[in-house]
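Ready to try reading helix packing straight from a model? Work through the exercises below, then check each solution.

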Amino acid sequence: MASLNVGNLGEYLREQRRNAQLSLRQLADAAGVSNPYLSQIERGLRKPSAEVLQQVAKALRISAETLYVRAGILDEREREREELETRAVILADPSINERQKSVLLQIYDSFRKENGFEPGPESGVVAGSETGDESGPAAGADGGGADAASEPPTRSERSASSIPSEPSTPSAPSKPEKPSN
């Protein structure tokens, strides 16, 4: 049986399965597919459906999109377009402030990286960059946003936006109030 042109899907699946420390049989059981079928996918002899790829991705706890791209089901350009659209929606949302937009983009990038996606062409975009100002909180001291995106905000950074500017408990007045006449 000749190998189908499914990119490096089988090799990638094998690598992800080994990283997850799963045997072929364990992954097949978790994904709900037969052991021989999964073996054929890994060896590049079968091209799985999007549904099977979704089941395998769920069992491996990785992005199904990654598998779709590697299998040729989803075009890489389409995925990049969707990423840019997601970023644009976040940046255009009037209900969150610029700092929140920046943090949200950092989290988005860290999840994408965790799921095996390289940072996209706009991953350095931080809130405020549409005006050319990339010195926002996501840029970090070194000015680069890529490394900062992989680290979640510290506890003080997360709570900084929720700290009220004045104490929440009322303080005792320094002078006694004069009764009004």
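**Helix pairs and a charge over a ring**

In this predicted model, α6 passes α7 in a right-handed crossing.

**Exercise 1.** Work out how α6 and α7 are oriented to each other.

*Solution.* Start with the ranges: helix α6 covers residues 76-92 and helix α7 covers residues 98-114. Next, take the angle: their axes cross at roughly 155° and come within 9 Å. Angles over 145 degrees count as roughly antiparallel, so that is how α6 and α7 lie to each other.

**Exercise 2.** Find the residues where α6 and α7 meet, then sort them by class.

*Solution.* On the α6 side, pick out R79, E83, T86, R87, I90, L91 and A92. Across from them, α7 brings K101, L104, L105, Y108, D109 and R112. Sorted by class, this contact has six nonpolar, one polar and six charged residues.

**Exercise 3.** Do the same for α1 and α5: which way do they run relative to each other, and what makes the contact?

*Solution.* Helix α1 (residues 9-19) packs against helix α5 (residues 64-71) at about 150°, with the axes 9 Å apart. That angle is over 145 degrees, so α1 and α5 are roughly antiparallel. For the contact, α1 supplies L9, Y12 and L13, while α5 supplies T66, L67, R70 and A71. Here the split is five nonpolar, one polar and one charged.

**Exercise 4.** Look at the ring of Y12: what sits over it?

*Solution.* Go to R70: its charged end sits over the Y12 ring, 3.8 Å from the ring's centre. Now look for aromatic pairs: the structure has zero of them.

Notes:
Residues are numbered from 1 along each chain as its sequence is written. This is a predicted model: local features need pLDDT of at least 70, side-chain atom pairs count only at pLDDT 80 or more; totals for chains, interfaces and linings use all residues. Side-chain values use heavy atoms; hydrogens and water are left out. Rings of Phe, Tyr and Trp (its six-membered ring) pair if their centres lie within 6.5 Å; planes under 30 degrees apart count as stacked, over 60 as edge-to-face and the rest as tilted. A charge sits over a ring if NZ of Lys or CZ of Arg is within 6 Å of the ring centre and within 35 degrees of the ring normal. Axes are lines fitted to C-alpha atoms, for helices over the stretch in contact, and angles run from 0 to 180 degrees between N-to-C directions. Helices (H or I, at least four residues) and strands (E, at least two) are DSSP runs, numbered from the N terminus. Angles under 35 degrees count as roughly parallel, over 145 as roughly antiparallel, 65 to 115 as roughly perpendicular and the rest as oblique. A crossing is left-handed if the near helix is turned anticlockwise from the far one by less than a right angle, and right-handed if clockwise. Contact means heavy atoms within 4.5 Å. Ala, Val, Leu, Ile, Met, Phe, Trp, Tyr, Cys and Pro count as nonpolar, Asp, Glu, Lys and Arg as charged, and the others, Gly among them, as polar.
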